[in-house]
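Please open the structure in your viewer and keep the selection tool at hand. The tour below moves from one selection to the next and says what can be found at each stop.

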Amino acid sequence: MISLSKVSKRFGSTRAVDDVSLDVPAATIHGVLGRSGAGKSTLLRVVNLLEPPDSGTVTVAGRDLGTLTPAGLRDARARIGMVFQHFHLLHNRTVAANVELPLKLHRVERGERQRRVAELLELVGLSDQARKFPAQLSGGQRQRVAIARALALRPDVLLSDEATSALDPGTTVEILDLFVKLRDTLGLTILLITHELDVITRICDSASVMRDGKVVEHGPVAELLATP
Ligand code: ADP
Ligand code: ADP
């Protein structure tokens, strides 16, 4: 579902991503673990089409991102959901309006928008919070709103940029369990970056460890843990 082949990205003399290849099969969760500065965010931005790589190829859901027209790129980007550490919600809009926003931007008709918002809020367990504002919610609930919004356009792939790093341990587990549910019920493919080993061991099917732009280890999580 996501495939990177020999992808590199430099900033001046910094090799932020250095010859990285990885494959994430459909309906699996792949984690990228690394310290600050390892190149994780740059890797995610390359997959999210925000940062064109200097070399290598990136394929998401069968589309080679290097060959797309601007319109094709916009379409491909809509098929990729994204969640962040600090949620990036609109504070002056209700929960329902936040989730509805991508549907409005894509000119989905009103009745269909309302149906999908109700479905999405149910999926993330927030049906009873639709009319609240983000400030009235807990951190975990805010992240659920952000996840519902990320899924509004029915993406093939969800990218998570440290989605649980601002949450307490109990709430982290709830969000990670939600990721597993999305994998198992929707068949969603999830690529997440984290600096926390616990996130990898709890939910990832496979993982890569990054250091100085390079993937220094990768494979099924059970195998990675077995290596000393
Ligand atoms: P991580 O997400 O693992 O913390 P990043 O991908 O943010 O790592 O950064 C990898 C390296 O690339 C770091 O040395 C960082 O300083 C550098 N870098 C990232 N983005 C930029 C940029 N826009 N301009 C210059 N250097 C950058
Ligand atoms: P966090 O710390 O919550 O992960 P930041 O505010 O540091 O988020 O943003 C991380 C990066 O993602 C920034 O470079 C920002 O420009 C980018 N970004 C923010 N919003 C979006 C979005 N909706 N889609 C893609 N990238 C975004």
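Begin by selecting Glu112, Arg115 and Arg116, which are linked to one another in a network of salt bridges. As you look at these side chains, bear in mind that this is a predicted model, and that the structure holds 13 salt bridges, several of which are visited below.

Next, select Glu119 together with Arg154, whose side chains meet in a salt bridge with a distance of 3.9 Å from N to O. This pair links distant parts of the chain, since Glu119 belongs to helix α4 (residues 110-123) while Arg154 sits in the loop between α5 (139-150) and β7 (157-161), 35 residues apart. If you colour by accessibility, Glu119 counts as partly exposed at 48%, and Arg154 is partly exposed as well, with a relative accessible area of 45%.

From there, move to Asp205 and Arg183, which form a salt bridge whose closest N and O atoms are 3.0 Å apart. Here too the pair links distant parts of the chain: Asp205 lies in the loop between α7 (197-203) and β9 (206-211), Arg183 lies in helix α6 (residues 169-186), and the two are 22 residues apart. Which of the two partners is buried, Asp205 or Arg183? The buried one is Arg183, because its relative accessibility is 16% and buried means under 20%, whereas Asp205, at 33%, counts as partly exposed.

Now select helix α3 (residues 95-105), where Val95, Asn98, Val99, Glu100, Pro102 and Leu103 are buried. To see how such a set can arise along a helix, recall that an α-helix has 3.6 residues a turn, so residues three or four places apart point the same way. If you then display the surroundings, what covers the buried residues of α3 includes α4 and α5. After α3 comes Arg107, a residue whose phi is positive, near 55 degrees.

The following stop is Glu51, in the loop between α1 (40-47) and β4 (55-60). Select Glu51 and Arg45 together to find a salt bridge in which the closest N and O atoms are 3.4 Å apart. Glu51 counts as buried because its relative accessibility is 15%, while its partner Arg45, at 38%, counts as partly exposed. What else is in contact with Glu51, once its neighbours within four places in sequence are left aside? Besides Arg45, the contacts of Glu51 are Lys9, Phe11 and Val46.

Finally, widen the view to the strands, four of which form an open sheet in the order β2-β1-β4-β5, with antiparallel pairing. At its edges are β2 (14-24) and β5 (63-64), each of which pairs on one side only. If you zoom in on β4 and β5, you will find them paired in the antiparallel sense over two bridges, and Val60 stands opposite Arg63 in β5. Before leaving the sheet, select helix α1 as well, which lies across β1 (2-11), β2 and β4 and runs at about 120 degrees to β1.

Key
Residues are numbered from 1 along each chain as its sequence is written. Chains are lettered from A and ligands numbered from 1 in the order in which they are written. This is a predicted model: local features need pLDDT of at least 70, side-chain atom pairs count only at pLDDT 80 or more; totals for chains, interfaces and linings use all residues. Side-chain values use heavy atoms; hydrogens and water are left out. A salt bridge is a side-chain nitrogen of Lys or Arg within 4 Å of a carboxyl oxygen of Asp or Glu. Buried means under 20% relative accessible area, exposed over 50%, partly exposed in between (1.4 Å probe, protein chains only). Contact means heavy atoms within 4.5 Å. Two strands pair if DSSP finds at least two bridges between them. Axes are lines fitted to C-alpha atoms, for helices over the stretch in contact, and angles run from 0 to 180 degrees between N-to-C directions.
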